[in-house]
Amino acid sequence: MKNWRIVLNEIKRHTQENPILSKHIEQKWFISGTQVREIIHYLRVHKNEPICSDSKGYFYARNKQECQHTIAQLRSRMIKISQVAKAMEDMFMEDNQEVIF
């Protein structure tokens with residue numbers, strides 16, 4: 001994973017009171033929004049970094065309480081994505097239907 005140290009060091013300078021927007025990371029370090037999200041995922045999952053986010057941007061959590069909103073947001077998105085996947089599977093369940101039309 002390329003650039004993860006740069007992004008981690010940038011986010012570590014930002015608290016819940018002073019988050020950084022993805023677009024600022026993108027512009028400062030010349031990486032795409034997709035790359036930022038992939039790096040954040042890598043840091044959270046593989047490096048166990050407490051990187052949180054809200055509508056104001058990313059920040060480095062100082063304690064578990066600061067992560068609660070991010071955790072709730074991720075769980076909510078997980079449920080919604082699962083509902084969409086099930087609905088799409090159900091579209092093709094009747095009589096082993098392979099096409100909708």
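Ser53 is buried in this predicted model. Its relative accessible area is 14%. The cut-off for buried is under 20%, so Ser53 falls on the buried side. Where does Ser53 lie? Ser53 is part of strand E1, which covers residues 51-54.

Now look at what surrounds this serine. Leave out residues up to four places away in sequence, and Ser53 touches Arg44, Tyr58, Phe59, His69, Thr70 and Gln73. Arg44 deserves a second look. The side chain of Ser53 makes a polar contact with the side chain of Arg44, at 3.5 Å. So Arg44 appears both in the list of residues that Ser53 touches and as a polar partner of the Ser53 side chain.

Move next to Ile20. This residue is found in a loop. On one side of the loop is helix H1 (4-12), and on the other is helix H2 (22-29). Is Ile20 buried or exposed? Ile20 counts as buried, because its relative accessibility is 6% and the limit is under 20%.

Which residues does Ile20 touch, not counting residues up to four places away in sequence? They are Glu10, Ile11, His14, Ile25, Lys56, Gly57 and Tyr58. Tyr58 is a name to remember. Ile20 touches Tyr58, and Ser53 touches Tyr58 too. Trace Ile20 back to Ile6 as well. These two residues are 14 residues apart along the chain, and their C-alpha atoms are separated by 14 Å.

Step back to the whole chain. It holds 4 helices and 2 strands. Read along the sequence, the pattern is α-α-α-β-β-α.

How is the chain laid out in space? Its C-alpha atoms fill a box of roughly 55 × 30 × 25 Å, taken along the principal axes. The radius of gyration is 18 Å, whereas a compact globule of 101 residues would have one near 13 Å. Buried residues make up 28% of the 101 residues. Ser53 and Ile20 are among the buried ones.

Contacts also link distant parts of the sequence. Take the contacts with a separation of 6 or more: residues 24 or more positions apart account for 47% of them.

Finish with the surface and the charges. The accessible surface comes to about 7,700 Å², and 55% of this area belongs to carbon and sulfur atoms. The chain has 16 positive and 12 negative charges. The mean positions of the two sets are 13 Å apart.

How values were computed
Residues are numbered from 1 along each chain as its sequence is written. This is a predicted model: local features need pLDDT of at least 70, side-chain atom pairs count only at pLDDT 80 or more; totals for chains, interfaces and linings use all residues. Side-chain values use heavy atoms; hydrogens and water are left out. Buried means under 20% relative accessible area, exposed over 50%, partly exposed in between (1.4 Å probe, protein chains only). A polar contact is a pair of N or O atoms within 3.5 Å; within protein, one must be able to donate a hydrogen and the other to accept it, and residues adjacent in sequence count only if both atoms are side-chain atoms. Contact means heavy atoms within 4.5 Å. The radius of gyration is taken over C-alpha atoms; the globule rule is 2.2 Å times the number of residues to the power 0.38. Accessible areas come from the Shrake-Rupley method with a 1.4 Å probe; for residues, only the protein chains shown count as cover. Lys and Arg count as positive and Asp and Glu as negative; His and the chain ends are not counted. The place of a charge is taken as NZ of Lys, CZ of Arg, CG of Asp or CD of Glu.
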